[in-house]
Amino acid sequence: MRTSIPADYHSHTHLCRHAGGRPIDYAQAAVVRGIQEIACTEHIPFPNDPFPAIRMTMAELATYFDDVREAQDSGLCTVLLGLEADYQPTLVTGHIQAILDSADFDLILGAVHSGPFWDLTPGCPTATPEFIEQMAHTYYQRMTELAQTGLYDICAHFDLLKRTGVFAPESLLAKIVPPALDAVAAADMAIEINTSGYDHGAGEAYPSLQILHWMRERDIPITFGSDAHSPSDVGRYFEDAVKLAREAGYTQRAIYRRRRRTLVPL
Ligand SMILES: [Zn+2]
Ligand SMILES: [Zn+2]
């Protein structure tokens with residue numbers, strides 16, 4: 001059986017100030033790459049944003065919707081309307097819920113971006129076993145809380161804390177990741193295979209093969225996302241990601257329309 005390249009359900013635009021291109025440029029790149037479906041998942045805006053330089057503003061949300069509509073109307077490929085919404089305990093649910101209610105979104109990625117893992121490098125003095133353990137506990141606690149809000153459809157880059165190449169030991173992960181996955185399964189969410197990790201210090205997809213096995217045991221569906229911050233990133237390493245999914249036992253992937261999930265063959 002030969003199937004097409006999976007939909008790319010994680011992409012950004014110039015509106016977040018740390019990416020380039022407009023939705024129509026990503027749609028064009030998908031066509032060139034042989035990808036039939038993408039989702040625009042720009043970072044959700046926040047009021048009183050603590051990091052205004054890396055996200056669109058509330059006022060720009062209307063522009064985002066217009067730009068996605070333009071890509072949809074181009075007929076280049078199927079373009080879904082999504083957002084990547086941070087889970088931040090201090091900035092949470094009322095605001096996110098209000099934005100999610102403001103448009104007919106197809107899918108919402110839930111992400112935990114904050115944590116000390118951005119600045120750790122392998123071998124740096126901060127990266128003691130105790131520090132890594134505490135960091136991992138906090139991160140997966142946040143991911144659990146994210147799932148428990150019931151606001152999101154798909155977990156983005158589930159094990160992002162390995163981003164720079166500092167890995168928590170397997171024995172620790174075996175203790176703290178399965179309970180977080182139980183929360184994801186209870187929330188009936190999917191988890192993406194995010195291929196940006198191949199280009200980071202981690203050098204592998206988010207999540208790892210081990211976590212994919214634990215996900216498979218819980219019947220947690222998968223999507224694929226390049227986390228494109230440039231049109232040239234669309235579909236990056238998707239062949240590797242499909243192999244990884246199959247290795248973990250997956251034969252299906254999830255697609256979304258208006259926040260309803262359907263499984264299709266991988
Ligand atoms: Zn981004
Ligand atoms: Zn992200």
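**Exercise 1. The sheet.** In what order do the six strands of the open sheet run, and which are the edge strands?

*Solution.* The model is predicted. Start with the order: β1-β2-β3-β4-β5-β6, an open sheet with parallel pairing. Next, look for strands that pair on one side only. These are β1 (37-43) and β6 (222-225), the edge strands.

**Exercise 2. The β6 edge.** How many bridges join β5 and β6, and which residue does I193 stand opposite?

*Solution.* Take β5, residues 190-194. It pairs with β6 in the parallel sense over four bridges. Then find the partner of I193: F224 in β6.

**Exercise 3. A helix on the sheet.** Which strands does helix α2 lie across?

*Solution.* Locate α2 at residues 61-74. It lies across β1 and β2 (78-86). Its angle to β2 is about 150°.

**Exercise 4. α4 against α5.** Are α4 and α5 roughly parallel or roughly antiparallel?

*Solution.* First, the geometry. Helix α4 (129-149) and helix α5 (170-186) pack at about 10°, with axes 8 Å apart. Angles under 35 degrees count as roughly parallel. The two helices are therefore roughly parallel to each other. Now the contact. Among the α4 residues are Y140 and M143; the α5 side includes L172 and I176. By class, this contact has eleven nonpolar, three polar and one charged residues.

**Exercise 5. α5 against α6.** What is the handedness of the crossing of α5 and α6?

*Solution.* The axes of α5 and α6 (209-217) come within 11 Å and cross at roughly 35°. The crossing is right-handed. E170, V177, P178 and L181 in α5 meet Q210, I211, W214 and M215 in α6. These divide into six nonpolar, one polar and one charged.

Technical notes
Residues are numbered from 1 along each chain as its sequence is written. Chains are lettered from A and ligands numbered from 1 in the order in which they are written. This is a predicted model: local features need pLDDT of at least 70, side-chain atom pairs count only at pLDDT 80 or more; totals for chains, interfaces and linings use all residues. Axes are lines fitted to C-alpha atoms, for helices over the stretch in contact, and angles run from 0 to 180 degrees between N-to-C directions. Angles under 35 degrees count as roughly parallel, over 145 as roughly antiparallel, 65 to 115 as roughly perpendicular and the rest as oblique. Two residues are in contact if their C-beta atoms, placed from the backbone, lie within 7 Å. Ala, Val, Leu, Ile, Met, Phe, Trp, Tyr, Cys and Pro count as nonpolar, Asp, Glu, Lys and Arg as charged, and the others, Gly among them, as polar. A crossing is left-handed if the near helix is turned anticlockwise from the far one by less than a right angle, and right-handed if clockwise. Two strands pair if DSSP finds at least two bridges between them.
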